[in-house]
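Colleague: I would like a close look at a single part of this model, and I would be glad of one connected answer.

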Amino acid sequence: MTREPSISTPAVATDRIREEGSAAPVAPHGTPIPSLERMGVPYARLALGAAFLSAVASRFGVWTGNLGLARFDNFVRYTAEVNAFMPASTIPFLAWSATAAELFLGTALVLGLWPRRVALGSALLLAMFGTAMAVSQGLKSPLDYSVFSASAGALLLASAARGTGHPRSSPPRG
């Protein structure tokens, strides 16, 4: 049973939600209260994008000030460890492909481009990385580095982007 607002008792946000059927809570003076989704989606998008871009930057010595391919050799060796089940001839391709994918996905996430597709691609890339880690190094490794958590977060981003009509997610119709 909903309480009728009166002059002496202003309606609280939950009363307005029940009465008006609104999904977003409203403060007593009619000001919308930011929902967790409205704050969480951009935060998750930026955090995931920054993580991808930071990993790429690290591979090329951006964080240490030693720019170049010397540090990328270490990443190629790490790629071989994570993909120990793959033929050695595929490792350079996997290292460069992962780097290109992370650069593209990280940039698109930060810029908010194609939110659903980029989030799905991010979830897939992270799930593949976590699976490769689990196969080669055991389940503890991807769990310790929250790879599956990040993949799940990317899936949540994709579901939040569904049907939002984001102007960059689809071409204009007309």
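Colleague: Of the 174 residues of the chain, what percentage count as buried? Please then take me through helix 2, and what surrounds it.

Modeller: This is a predicted model, in which local features need a pLDDT of at least 70 and side-chain atom pairs count only at 80 or more, while totals for chains, interfaces and linings use all residues. Residues are numbered from 1 along each chain as its sequence is written, and side-chain values use heavy atoms, with hydrogens and water left out.

Of the 174 residues, 26% count as buried (under 20% relative accessible area; exposed is over 50% and partly exposed lies in between, with a 1.4 Å probe and protein chains only). The chain has 7 helices and 0 strands, taken as DSSP runs (H or I, at least four residues, for helices; E, at least two, for strands) and numbered from the N terminus. Contacts (heavy atoms within 4.5 Å) also tie distant parts of the sequence together: among those with a separation of 6 or more, 55% join residues 24 or more positions apart.

Confidence should be kept in view, as pLDDT, the predictor's confidence in each residue from 0 to 100, has a mean of 83 over the chain, with 74% of residues reaching 70 or more. It stays under 50 over residues 5-22, although the model has 21 contacts beyond four places in sequence for them, and it is also below 50 over residues 165-170, a stretch with 8 contacts beyond near neighbours in sequence.

Helix 2 itself takes in residues 36-59, and its 24 residues should span 34 Å at 1.5 Å a residue, which agrees with the 34 Å between its end C-alpha atoms; the expected span is 1.5 Å times one less than the number of residues. Its buried residues are L48, G49, F52, V56, A57 and R59, and what covers them includes helix 3 (70-82), helix 4 (91-111), helix 5 (115-137) and helix 7 (147-161). After the helix comes G61, whose phi is positive, near 75°.

Helix 4 offers one view of this packing. T99, found in helix 4, counts as buried because its relative accessibility is 5%. Neighbours within four places aside, T99 is in contact with V56, R59, F60, F72 and F75. T99 and F72 are 27 residues apart in sequence, and their C-alpha atoms are 9.8 Å apart.

Helix 5 is among the elements that cover helix 2, and what covers its own buried residues includes helix 2 in turn. Helix 5 has 23 residues and reaches 32 Å from first C-alpha to last, close to the 33 Å expected.

Helix 2 also gives the most to the lining of the largest pocket, with 8 residues. On a 1 Å grid over the protein atoms alone, a pocket is an open set of points where a 1.4 Å probe fits, with protein on both sides within 12 Å along at least five of seven lines, and lining residues have an atom within 4 Å of a point. About 870 Å³ of space lies in the largest pocket, the volume being that filled by probe spheres set on the points. Of its 33 lining residues, the closest to the centre are R59, F75, A98, E102 and F129. Helix 2, helix 3, helix 4, helix 5 and helix 7 each supply at least two lining residues. By class, the lining has 23 nonpolar, 7 polar and 3 charged residues, where Ala, Val, Leu, Ile, Met, Phe, Trp, Tyr, Cys and Pro count as nonpolar, Asp, Glu, Lys and Arg as charged, and the others, Gly among them, as polar.
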